[in-house]
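Me: I would like to learn how to read the packing of helices and the meeting of chains in a model. Could you take me through it step by step?

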Amino acid sequence: MKSLEELKAIKERMKDKVVLREGTGDIRVVVGMATCGIAAGARPVLSTFVEEVNRAALEDKVTVSQTGCIGICQFEPVVEIFEAGKDKVTYVKMNPEKAKRVVEEHLKGGRVISEYTITANND
Amino acid sequence: MKELSLNILDIAENSLKAGSTLTGIEISENGDRLSLTITDNGCGMSEDTLKTVIDPFYTTRTTRKVGMGLPLLKMEAEMTGGGLSVESRWVNDFPDSHGTVVRAKFVKSHIDFVPLGDVTESIITLIQGHPDSDFVFSHIIDGERAAGLDTRELREILGDLPLNSYEIISWIREYLNEQYGEYGDKKSSSQ
C-alpha cells in the first residue's frame, strides 16, 4: 500500500535530477484542454505524451503543458509543438496512437508527421 | 461528455482560469444519489455574470471565464432528474472571501446517467497542468471514504519539488488507484 512516507524517498531520488534539468526544455508540447478538447478526447492524449516522453527519456528536452481553447474546436484534440528557431507545428484530431507516433518520429526523430497536421486536414 | 470525470476536469479548469489556488473536488454517493461539488477561491463572478453563466450562448469570450462547460453539466444532471446550482462571491464585492461553488446532483439509476469514469486521470491531469495550485479531492461512498488526496500534504513532504514531475505524477496515480482498489476489495468481501 502506498503511503505518504514513500514520497520522502522520491524526494531524495529527485534532488540531484532537478539540478540537472535546469535551463532545459527546448521543445514545448501544448495540449488544448478546454471543454472542446476534453470532450473530444484530450485527456488520454495528454497522458500519452507525458508517459511516452518519459519512456523515450526526453523529459530534459521536452516539456508537456496544457492550454485553453485554441480556437479550432472542430479539429480537437489539438496539439501544438513549439521548438526554438522552427515554425510551430499544429497536429489535429489527435488520439493516443498518434501521440505515440509524434513522440517517436517528431520529438525523438525530428521529422514532422505531415499527415496529422492541420494543413493536411484542412478540407 | 462520455464520463462525468471529464466534466470534473472541465469545471475545475474554469476554477483555475479564475485564479483559484485551492480547488476542492468532492464526489459524494449516497444510495442512488451522486453529488459533485467543486469549490474554488478564484475571482468569482458578479451577480450579472452568474445569472447568465448557465446559458450556453453566453460566454465572456475575451476573458473566457466560462463557455459550454457549465451548461453541459447542467443538462447531464437534469437529464437524470437531478440539477445544478452555482454560488459565487465576486472578488470586487468580497475581496477576502471570493470564490465559486458548483454543485451538481445526479440520480444514478436513471438511464441517462453518465458514468463517473476514470476520476484518477482527471485529478492527475489537473495537477500536471497546474503544479503550483492546490487540490483537495475526496470521494465518499455511503459515508465511507473511497479515495482522497490533498496536494498540500504532498507539498509539505516534497518541499519545492514540482508536483508535475513524472515520478510524482506516477506516484499520485498509483496512490489513488490503490485506494479505489482497496475500497473495491473491501466492498466485495463484505457482500
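Reply: Gladly, and please keep in mind throughout that this is a predicted model. As a general idea, two packed helices are described by the angle between their axes and the distance between the axes. Here, helix α1 (residues 4-17) of chain B packs against helix α4 (residues 119-129) of chain B at an angle of about 20°, and their axes are 8 Å apart.

Me: How is α1(B) oriented relative to α4(B)?

Reply: Angles under 35 degrees count as roughly parallel, and therefore α1(B) is roughly parallel to α4(B). The crossing of these two helices, α1(B) and α4(B), is right-handed.

Me: Which residues make the contact?

Reply: From α1(B) come S5(B), L6(B), I8(B), L9(B) and A12(B), while α4(B) brings V119(B), E121(B), S122(B), T125(B) and L126(B). Sorted by class, the contact of α1(B) with α4(B) has six nonpolar, three polar and one charged residues.

Me: How many residues of chain A and of chain B are in contact?

Reply: The size of an interface is often given as the accessible area lost when the parts come together, but one can also count residues: 25 residues of chain A are in contact with 31 residues of chain B. On the side of chain A that touches chain B, α1 (5-21), α2 (35-40), α3 (42-55) and β2 (62-67) each supply at least two residues, and the largest share, seven residues, comes from α1(A). The residues on that side of chain A divide into 13 nonpolar, six polar and six charged.

Me: What does the secondary structure of chain A come to?

Reply: Chain A has five helices and four strands, which follow the pattern α-β-α-α-β-β-β-α-α along the sequence.

Note on methods. Residues numbered from 1 in each chain as written. Chains lettered and ligands numbered in written order. Predicted model: local features only at pLDDT ≥ 70, side-chain atom pairs only at ≥ 80, totals over all residues. Contact = placed C-beta atoms within 7 Å. Nonpolar A, V, L, I, M, F, W, Y, C, P; charged D, E, K, R; others polar. Axes fitted to C-alpha atoms, helices over the stretch in contact; angles between N-to-C directions. Parallel < 35°, antiparallel > 145°, perpendicular 65-115°, else oblique. Left-handed = near helix turned anticlockwise from the far one by under 90°.
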